[in-house]
Amino acid sequence: MSTTSTTTARHPLAFRDRARLRRWLWRFTLAMQDHPAREGRRIRRDLRAALLDDAERIGVDAALREIGSPLRVAADHLEALGSAGPRWNDGAVLAALLGFALPLYMWAAWAMGAIDAVGAMGGGRVELTWLGVPMTAESSDEMFGLEFTLGWQPFAVSLVLGALGFALGARIWRRWARTPIS
């Protein structure tokens, strides 16, 4: 039994060559952040397949030289798009940081400072309010404690900060912008 092969000679990719291709795709992906995510993933997937095919066929150096700079390829795709799209992932990250992590960090720092201040005054019990949350800080030589009751105020502050972070991070005004990319 004989088989005939019509494929051309392929170059197996070494680790260094695969790393170079990954680096090119990573730079391309970063440059494509303003592109709609689904379409951007499809373009990246198609480019990756074409790059791998070319790299195996003609070598990595020739494939990368032929396709050009990842920034230029991304700019061509964005130019064809007409305008930049929102960055939803960036908005979600900024919303989580501003709406959850920042208030939690500020509250923890404030509470620890209140307990420390009570301890520095020789101990005792102090009733305070932070962002509408009533708190009681208590400190003595043997113990320290914090008692609080959550209301709707911290959630409202977190919601507002999160919404603001999402709007700024996602740049939602781009959704309605019709100005071309320069």
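T136 sits in strand β2, which covers residues 133-139 of this predicted model. With a relative accessible area of 11%, T136 is buried, because that value lies under the 20% cut-off. What does T136 touch once its neighbours within four places in sequence are set aside? Its contacts are R125, V126, E127, G145, L146 and E147. You can also look from T136 towards A114: these residues are 22 places apart in sequence, and their C-alpha atoms are 9.1 Å apart in space.

Step back a little from strand β2 and you reach L131, in the loop between β1 (124-130) and β2. The backbone here deserves a look. Most residues other than glycine have a negative phi. L131 is not a glycine, yet its phi is positive, at about 50°. Its relative accessibility is 36%, so L131 counts as partly exposed.

R171 offers another case of this kind. Its phi is near 55°, again a positive value in a residue other than glycine. You will find R171 in the segment after α6, the helix that spans 153-170. R171 is partly exposed as well, with a relative accessible area of 26%.

Now turn to the nonpolar interior. In soluble globular proteins, nonpolar side chains tend to be buried together. Here the largest nonpolar core has 15 residues, and L21, W24, F28 and L51 are those with the most contacts inside it. Which elements give two or more residues to this core? They are α1, α2, α3 (60-67) and α4 (70-81). L51 is a good residue to click on if you want to see some of its surroundings. Leaving aside neighbours within four places in sequence, L51 is in contact with L21, W24, L25, A63, L64 and I67.

From the core, we can move on to the charged side chains. Side chains of opposite charge can pair when their charged atoms come close. How many salt bridges does a search of the whole structure find? The count is 8, and a few of them can be followed along the helices.

Start in helix α2, residues 37-58, with R42. R42 forms a salt bridge with E39, and the closest N and O atoms of this pair are 2.5 Å apart. Why can E39 and R42 face each other along the helix? They are 3 residues apart in helix α2, so about one helical turn separates them. R42 also forms a salt bridge with D46, where the closest N and O atoms are 2.7 Å apart. D46 and R42 are 4 residues apart in helix α2, which again means a separation of about one helical turn. These three residues are partly exposed: relative accessibility is 33% for E39, 35% for R42 and 40% for D46.

Elsewhere, salt bridges that share partners join D17, R20 and D61 into one network. Within it, the side chains of R20 and D17 meet in a salt bridge, with an N to O distance of 3.9 Å. Because R20 and D17 are 3 residues apart in helix α1 (residues 15-31), they too are separated by about one helical turn. R20 has a relative accessibility of 25%, so it counts as partly exposed.

Key. Residues are numbered from 1 along each chain as its sequence is written. This is a predicted model: local features need pLDDT of at least 70, side-chain atom pairs count only at pLDDT 80 or more; totals for chains, interfaces and linings use all residues. Side-chain values use heavy atoms; hydrogens and water are left out. A salt bridge is a side-chain nitrogen of Lys or Arg within 4 Å of a carboxyl oxygen of Asp or Glu. Buried means under 20% relative accessible area, exposed over 50%, partly exposed in between (1.4 Å probe, protein chains only). Contact means heavy atoms within 4.5 Å. A nonpolar core is a set of buried Ala, Val, Leu, Ile, Met, Phe, Trp, Tyr and Cys residues joined through side-chain atoms within 4.5 Å.
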